[in-house]
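Grab the structure and work through these exercises with it open. Each one gives you a task, then a solution in steps.

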Amino acid sequence: MKIGYVIKAFPRLSETFILNELLELERQGCEVTVFSRYPGQQVPHAAMNGLRARIVLLEPLLKERFWEGFMLQRDWSRERPLVHARVLDTALSFRNKEEMRYWLQAASVARAVKDEGIELLHAHFATGSASVARYAAQLVGIPYTLTAHAKDIYAVDVDRDRLRAILGDSATTVTVSDANVSYLGELAPNARVRRVYNGLDLSRFPVRAEKADSTAVPLLLFVGRLVEKKGVGDLLTAIALLRRQGRELRLRIVGGGELEPTLRDQVTQLGLQDRVDFAGPASQEELVAQHLASADLFVLPAIVAADGDRDGLPTTLLEAMACGVPVITTDIPGIDEATPHGIAGVLVPPGQPHALAAAIDLALRERAITAQRAIRARQRVESLFDVRKTVPQLLDVMHGAVTARRSEASA
């Protein structure tokens, strides 16, 4: 099966779930072309070396080759005049400059789809990528599907009418949690929505060797972008609370982001300079061998940000669970599906440092119970989040969309 992926920027260090998905699609015999709206990052993951997909950068169409999009749209107006007019009317209906940029980029994607015989377009996130996939698929006459995550559907600035239109035209919308399925079902009752979890290549995340008890100061690990929704400030406050109670801890923060200066200031204000290490971003290999291998607890104090942004199904949480590191996180919908409280980890209310501190202290005191939860967490990842199980579910969605479209065409 030939599939085109439309993504905002590829690759990105914070979106390894897309790389996992693409690699597994290729392993299962699919041929993939990635249409990246903007340049990606230099991602240090060794797994990138195994990706065969051709990556097409769309950004030049909006900069040094701006006219090219209009020329391609002109060609489509001649080739499929009625369809082109309908797609243009759809784009114009939003009266939005960004939407017209997506319409321009769609002409190039559509041309590549036709030339390469791509059978389906799939977008990650119900943002501009979904619009590009939607318009391009309509121009050529193939189906499109998309994966909806979290910020793209929950943020306060999401245009709900636009989201309903994207969901309604998608052959099927995949999303990463049952909570999302429920939310999208209420938003767009006629849309076809199916839950497919993000998956991990478990061969890259083996269970770590048993961590021997020692008299060393326990090490907490946070991995992720340093943005509001990750709640790292609450974790720093919790560590300061525990220190005042006589519990000494170390915290290693792996990742970077816009809040790093603010968080460094907070560390200084709390007097934690000798206990908090900002380690910077890490490759998957470094994460497994250096960071997860040495952590006593993995802590993700996620919250719902002021703009509605939140985690849907955090990859780093799954990676910690896969490696057998005990996890403490918050009971945000989606996260609670991955890590049921008391079974695969410990959940606390978001935005409550005192509850977080109590959970950390209890997990370190009840080592045997904490270790049993880590074992069950690995089992849960093997059962629900193995990419070799999740991608066949995604492929079932894609094959169904292509088959349905062929049946419509032959009717």
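**Exercise 1. Classify arginine 134, then find its partner and say what the pair connects.**

Step 1. Start with accessibility: arginine 134 has a relative accessible area of 5%, so it counts as buried. Keep in mind that this is a predicted model.

Step 2. Now look for an acid. Arginine 134 makes a salt bridge with aspartate 169, and their closest N and O atoms are 2.7 Å apart.

Step 3. Place both ends. Arginine 134 sits in helix α5 (residues 128-140) and aspartate 169 in helix α7 (residues 160-169), so the bridge ties together parts 35 residues apart in sequence.

Step 4. Check the acid too: with a relative accessible area of 34%, aspartate 169 is partly exposed.

**Exercise 2. Work out what the salt bridges of glutamate 79 and glutamate 119 link.**

Step 1. Recall the principle: side chains of opposite charge can pair when their charged atoms come close. The structure holds 30 salt bridges.

Step 2. Take glutamate 79. Its partner is lysine 114, with 2.1 Å between the closest N and O atoms. Glutamate 79 belongs to helix α2 (residues 66-79) and lysine 114 to helix α4 (residues 97-116), so this pair ties together parts that are 35 residues apart in sequence.

Step 3. Ask how open the two ends are. Glutamate 79 is partly exposed at 33% relative accessibility, and lysine 114 is partly exposed at 43%.

Step 4. Move on to glutamate 119, which bridges to arginine 406 with the closest N and O atoms 2.6 Å apart. Here the link runs between distant parts of the chain, from the loop between α4 and β4 (120-124) to helix α16, 287 residues apart. Glutamate 119 is partly exposed, at 23% relative accessibility.

Step 5. Finish with a network: salt bridges link Lys229, Lys230, Asp309 and Asp311.

**Exercise 3. Describe the largest cavity and what lines it.**

Step 1. Count: there are four cavities of 30 Å³ or more. The largest has a volume of about 90 Å³.

Step 2. List some of the lining. Among the residues are Phe17, Glu21, Thr147, Tyr197, Asn198 and Leu394.

Step 3. Sort them by class: seven are nonpolar, four polar and one charged.

Step 4. Trace them to helices. Both α1 (16-27) and α16 (387-410) supply at least two lining residues, and α16 gives the largest share, with four.

**Exercise 4. Find the hubs of the largest nonpolar core.**

Step 1. This core has 63 residues, and the ones touching the most other members are Leu220, Leu235, Leu251, Phe298 and Ile360. Helix α9 (residues 232-244) contributes the largest share, eight residues.

Step 2. Zoom in on one hub. Leaving out residues up to four places away in sequence, isoleucine 360 touches Leu220, Leu235, Leu242, Leu249, Leu297, Val299 and Ile328.

Step 3. Don't stop there: a second, separate core has 47 residues, including Val87, Ala91, Trp103 and Val109.

**Exercise 5. Spot the backbone oddities.**

Step 1. Know the baseline: most residues other than glycine have a negative phi, and most peptide bonds are trans.

Step 2. Check the bond from phenylalanine 10 to proline 11: it is cis, with omega near -5°. Proline 11 is in the loop between β1 (2-10) and α1.

Step 3. Scan phi. Arginine 95 has a positive value of about 45°; it is in the loop between α3 (81-92) and α4 and is exposed, at 76% relative accessible area. Phenylalanine 125 has a positive phi of about 80° and lies in the loop between β4 and α5.

Terms used:
Residues numbered from 1 in each chain as written. Predicted model: local features only at pLDDT ≥ 70, side-chain atom pairs only at ≥ 80, totals over all residues. Heavy atoms only, no water. 1 Å grid on protein atoms, 1.4 Å probe; cavity = no way out; pocket = protein on both sides within 12 Å on 5 of 7 lines; lining within 4 Å. Points joined across faces, edges and corners; volume = space filled by probe spheres on them. Nonpolar A, V, L, I, M, F, W, Y, C, P; charged D, E, K, R; others polar. Core = buried A, V, L, I, M, F, W, Y, C linked by side-chain atoms within 4.5 Å. Buried < 20%, exposed > 50% of the residue type's maximum accessible area, 1.4 Å probe, protein only. Contact = heavy atoms within 4.5 Å. Salt bridge = Lys/Arg side-chain N within 4 Å of Asp/Glu carboxyl O.
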